[in-house]
Amino acid sequence: MAGHATPHFHNTDGHRSIEIGVKEFMCVGAYPPNDHPHVFLDMGDDEERICPYCSTLYRYNAQLKSDETVPEGCRFREEAV
């Protein structure tokens with residue numbers, strides 16, 4: 001299965017905030033079947049953004065690659081479902 005062009009992130013473990021290395025991304029909430037509509041978020045000039053569905057606070061961290069998160073393991077991978 002082909003990967004996503006836009007990085008997708010999840011908060012299945014209920015973290016208060018997640019640091020990511022991109023400013024444009026999709027939030028899926030949690031892994032299916034507990035996910036919410038996959039929503040595109042764009043931080044623009046800001047350094048953080050809250051998902052309107054699950055209230056996860058995403059923070060931009062320029063030190064991270066596009067597939068890295070802090071805490072680890074919040075990059076959504078369909079094959080893991």
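Is Glu47 buried, partly exposed or exposed, and what is its relative accessible area? I began my notebook with that, keeping in mind that this is a predicted model. Glu47 turned out to be partly exposed, at 46% relative accessible area.

**Entry: the partner of Glu47.** I followed its side chain and found a salt bridge with Lys23, 3.3 Å from N to O. The two residues sit in distant parts of the chain, 24 residues apart. Glu47 lies in the loop between strand 4 (39–42) and strand 5, while Lys23 lies in the loop between strand 2 (17–20) and strand 3 (24–27). I looked up Lys23 as well: with 22% relative accessibility, Lys23 is partly exposed, because buried would require under 20%.

**Entry: the other pair.** The structure has two salt bridges, so I went looking for Glu48 next. Glu48 bonds in this way with Arg59, and their closest N and O atoms are 3.2 Å apart. This pair also links distant parts of the chain, with Glu48 in strand 5 and Arg59 in strand 6, 11 residues apart. Glu48 is partly exposed at 42%, and Arg59 is partly exposed at 35%.

**Entry: the sheet around them.** Where do strands 5 and 6 fit in the sheet order? I found an open sheet of four strands, ordered 5-6-2-7, with mixed pairing. Strand 5 (48–50) and strand 7 (69–70) are at the edges with a single partner strand each, so one side of each has no neighbour in the sheet. Strand 5 runs antiparallel to strand 6 (residues 57–60), and three bridges join them. Along this pairing, I noted Arg49 opposite Tyr58 of strand 6.

Definitions and conventions
Residues are numbered from 1 along each chain as its sequence is written. This is a predicted model: local features need pLDDT of at least 70, side-chain atom pairs count only at pLDDT 80 or more; totals for chains, interfaces and linings use all residues. Side-chain values use heavy atoms; hydrogens and water are left out. Two strands pair if DSSP finds at least two bridges between them. A salt bridge is a side-chain nitrogen of Lys or Arg within 4 Å of a carboxyl oxygen of Asp or Glu. Buried means under 20% relative accessible area, exposed over 50%, partly exposed in between (1.4 Å probe, protein chains only).
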